[in-house]
Amino acid sequence: MNNKEWKKWIFWFSFAVAVIIVYKTIDSVTAIFSWVGNLFNLLMPFFMALLLAYILYMPSKKIENGIKKIKFKILKNHARGLSVLCVYILTVLIIFLIINVVMPAISTSIKDLANNLPNYYNSALDYFNNLDEDSILSKIKINEQIKKLQSINFEEEILKYANIDNITSVLGGLLGATNVIFDLFVTIVVSVYMLLERSDIKSFLQNLSKAIFDKKTNETIARYYRKTNSIFFSFITSQLLDAIIVGIITAIAMSIMKVKYAVLLGFLIGLFNIIPYFGAIAAVIIAIIITIFTGGFAQAVWLAIIVVILQQIDANIINPKILGNSLNLSPILVIFAVTVGGAYFGVLGMFLGVPVVAFIKIILEDFISMKNCKIEENLRKEKNTKN
């Protein structure tokens, strides 16, 4: 065979191998997605550890800088370890206070709400049964749906599901709970090591970047790293702090209004406030519905008015003060980020979708700006050439 024939055979052989690989990939797409999903679940504790270490990084750094100012040499030499220890002790103390101060009040409210649910149910049923035939709620036949729920024999339904398969499923759930505890342990341990060895990790990544990319690319990576760090840290810490403040203020306002389950509803609104737009709306709707049954329609209206005023104060005064530099995202982009993030990554995706979209927006703006500069430069060159 001459050289041309060899090239021809090598081309067709390569083409055939490529076709087989593509076919096998398409044929095994379900298995590939399953493998990727399992890998993601396996790495989830490490992602959570990175997030935890990231949240605790700034407090740890400030404590470390404070310890280094102390005259005792032994404290200076162990500033990193002591700062990490202090920040985790503070975190545990905050969790302890929440469990022993906030959670008992919330737990009491939940138990009381659960005990009174039959009464609220009967009140709702009486209300819908006494509606005028011309009312909107009568036309959509809500009372018929409630009667259907009333006709269900819950005891039979429970016995129906009390079989071997469902017991096995429950045991599987308990095993899953054990895995959650293990994942939590791994998350905490890995986050501690990340905080202790953050300088080594940062140095390694910088050296790796220098080994792979040229100087200009490295400068670009460093610039985007600073922007990313600013966006993510500002957003995460501000949203958590803002949620705590909103929850406390709302609970106090509800307590003054004598709204039942004020602490529970305030905690709920604060927690949901972490998720932009949708979270606050969903929590307020839940709070209004509960208040209609527990305090009447008039109190629910006043609750809605007060909560909307507090949300406006938060959106225009509290949140901007905490966040400092705004992410400069339009409501459309925020809604898009929350929707897509929630659809693919659940609650965590709804929370982190906004800073991710903000970062992508910065990259696109820089790309457009660079292209426009090149176009303007080419136009100037063409103009100078003509002259």
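Of the 387 residues of the protein, 24% count as buried. The structure described here is a predicted model, and the values given below are computed from it. The protein exposes about 27500 Å², and 70% of this area is supplied by carbon and sulfur atoms.

The secondary structure consists of 14 helices, with zero strands, so that every element in the order from the N terminus is an α element. With regard to how parts of the chain meet, 68% of the contacts between residues at least 6 apart in sequence join residues that are at least 24 apart.

Six salt bridges are found when the whole structure is searched. Among the residues that take part, E64, K68, R80 and R198 are linked in a network of salt bridges. Within this network, the side chains of E64 and K68 meet in a salt bridge with an N to O distance of 3.3 Å. Both residues lie in helix α2, which covers residues 29–68, and they are four residues apart, about one turn of the helix. The two partners can be described separately in terms of their accessibility: K68 is partly exposed, with a relative accessible area of 43%, whereas E64, at 4% relative accessibility, counts as buried, because the cut-off for a buried residue is a relative accessible area under 20%.

A further salt bridge of E64 is formed with R198, the side chains of the two residues meeting at 2.4 Å, N to O. Because R198 lies in helix α9 (residues 198–212) and E64 in helix α2, this pair ties together parts that are 134 residues apart in sequence. R198 is also buried, with a relative accessible area of 14%. E64 thus meets K68 in one salt bridge and R198 in another, and the network in which these residues are linked also includes R80.

Another salt bridge is found in helix α14, which spans residues 331–386 and holds both K361 and E365. The closest N and O atoms of K361 and E365 are 2.8 Å apart, and the two residues are separated by four positions in sequence, about one turn of the helix. K361 is partly exposed, with a relative accessible area of 22%, and E365 likewise counts as partly exposed, at 42% relative accessibility. Both values fall in the partly exposed class because this class lies between the limit for buried residues, under 20%, and the limit for exposed residues, over 50%.

Definitions and conventions: Residues numbered from 1 in each chain as written. Predicted model: local features only at pLDDT ≥ 70, side-chain atom pairs only at ≥ 80, totals over all residues. Heavy atoms only, no water. Buried < 20%, exposed > 50% of the residue type's maximum accessible area, 1.4 Å probe, protein only. Contact = heavy atoms within 4.5 Å. Areas by Shrake-Rupley, 256 points an atom, 1.4 Å probe, with all protein chains shown as cover. Salt bridge = Lys/Arg side-chain N within 4 Å of Asp/Glu carboxyl O.
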